[in-house]
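Okay, thanks everyone, let's get going. I'd like to walk you through one protein model today, starting with a pair of strands and working outwards. Have a look at the picture first.

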Amino acid sequence: MTATNEVQSAPIIEVRNAAKRFAVNGQSLTVFDGISCSIPQGAFLSIVGPSGCGKSTLLKLISGLEAPSGGEILFNGKKVTGPADGMIYVFQQYTKSIFPWRTVIQNIEFGLNSHKKGLSRTEREDLCRHYVKLVGLEGYENYFPYQLSGGMQQRVVIARALICEPSVLLMDEPFSAVDALTRAILQELILNIWRTIPVTILFVTHDVEEAVFLSSRIISLTKSPAKIHEDVAIDLAYPRDQITTRAEPRFHALRQRLFASIFLQEKGVAP
Ligand SMILES: Nc1ncnc2c1ncn2[C@@H]1O[C@H](COP(=O)(O)OP(=O)(O)OP(=O)(O)O)[C@@H](O)[C@H]1O
Ligand SMILES: [Mg+2]
């Protein structure tokens, strides 16, 4: 597992010719039409692209939160027709998904309610403590969200998602609401988690540097109506860390190439 966690077997997710249209003020808006990609189990795949191009929409289609207007999404070979067991969505706005009236441990335990029925009290507590440790919140078990920093609250949300043992974690700009240093710490945290447990991560971000640092693969979308502009394997070795990985010439080359491609599209001067 030096380069990636990817398992060379049947893809865990397949997007086949997906289209999404919305009716806006009596008019049809095509966000994309004809997006296809295949995501291997164990990938850390980021989706980048200009603002409004349809990144979140694509993630919602994959998660089953939105239905495609055309084409289909397969999860483990089965057509996605609604939110599927085994896929969990982590939103950017942790303040909207955390329960303010529950402590850290109670928030995390909530994830167990639908996924692990029939556990004893001790088993539930042990499991919660395991995830508290995984996200580095030991000592804060009985704190309420208002007593935590933004980064700590996002850790709670991540632990609550992971305790359900999802095979796919869908993250929509999960770190964009925290400061730069906290963001760097959370990036290392999610990478360490991804390398510790068997989870496939689909990660939407505006930030090309973040995508290159984290991902085994990046899909870059064009402006709306979006197409896949580039599908790039990120050939930087794992484990990665903020100091050494970001100093590698290959990191800079990949970041520069992807940034130029998205920036020129945003400016409207891309080929
Ligand atoms: N529920 C909806 N109804 C109508 N239009 C929508 C809806 N959701 C998204 N859209 C439109 O679809 C397009 C893509 O939106 P989306 O949120 O997927 O973009 P994005 O790439 O995630 O943008 P950002 O980078 O700003 O988060 C936008 O034009 C948006 O206005
Ligand atoms: Mg978005």
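So, let's begin with β9 and strand β10, residues 228-233: these two run antiparallel and are joined by five bridges. Before I go on, keep in mind that this is a predicted model. The link between β9 and β10 is a hairpin, and six residues make the connection. If you want to find the pairing on your screen, look for Arg-217, which sits opposite Ala-233 in β10.

Now, is β9 mostly covered or not? It's mostly covered: β9 spans residues 217-221, and four of its five residues are buried. For the protein chain as a whole, 38% of the 271 residues count as buried.

β9 has another partner too. Strand β3, residues 44-48, pairs with β9 over four bridges, and this time the sense is parallel. Here the pair to look for is Val-48, opposite Ser-220 in β9.

Okay, next up is another sheet. This one is open, has four strands in the order β2-β1-β4-β5, and its pairing is antiparallel. Which strands stand at the edges? Those are β2 (27-39) and β5 (78-79); each has a single partner strand, so one side of each has no neighbour in the sheet. Inside that sheet, strand β1, residues 13-24, is held to β2 by 10 bridges, with the two running antiparallel. Ala-18, for example, is opposite Ile-35 in β2. Packed on the sheet is helix α1, residues 55-63, which touches β1, β2 and β4 (70-75). The direction of α1 makes about 120° with that of β1.

That helix comes back when we get to the ligand. There are 14 residues around ligand 1, and the ones that come nearest are Phe-22, Ser-51, Lys-55, Ser-56 and Thr-57. The elements giving two or more residues to that shell are β1, β2 and α1. Which element has the largest share? That's α1, with three residues. Sorted by class, the shell has eight polar, five nonpolar and one charged.

Finally, let's zoom out. In total the protein chain has nine helices and 10 strands. Its C-alpha atoms fill a box of roughly 60 × 45 × 40 Å along the principal axes. A compact globule with 271 residues would have a radius of gyration near 18 Å, and the protein chain has 19 Å, so the two agree. And among contacts between residues at least 6 apart in sequence, 73% join residues at least 24 apart.

That's it from me, thanks!

Key
Residues are numbered from 1 along each chain as its sequence is written. Chains are lettered from A and ligands numbered from 1 in the order in which they are written. This is a predicted model: local features need pLDDT of at least 70, side-chain atom pairs count only at pLDDT 80 or more; totals for chains, interfaces and linings use all residues. Two strands pair if DSSP finds at least two bridges between them. Two residues are in contact if their C-beta atoms, placed from the backbone, lie within 7 Å. Axes are lines fitted to C-alpha atoms, for helices over the stretch in contact, and angles run from 0 to 180 degrees between N-to-C directions. The radius of gyration is taken over C-alpha atoms; the globule rule is 2.2 Å times the number of residues to the power 0.38. A residue is buried if 20 or more other C-beta atoms lie within 10 Å of its own, exposed if 12 or fewer, and partly exposed in between; C-beta atoms are placed from the backbone. A residue is near a molecule or strand if its C-beta atom, placed from the backbone, lies within 6 Å of it. Ala, Val, Leu, Ile, Met, Phe, Trp, Tyr, Cys and Pro count as nonpolar, Asp, Glu, Lys and Arg as charged, and the others, Gly among them, as polar.
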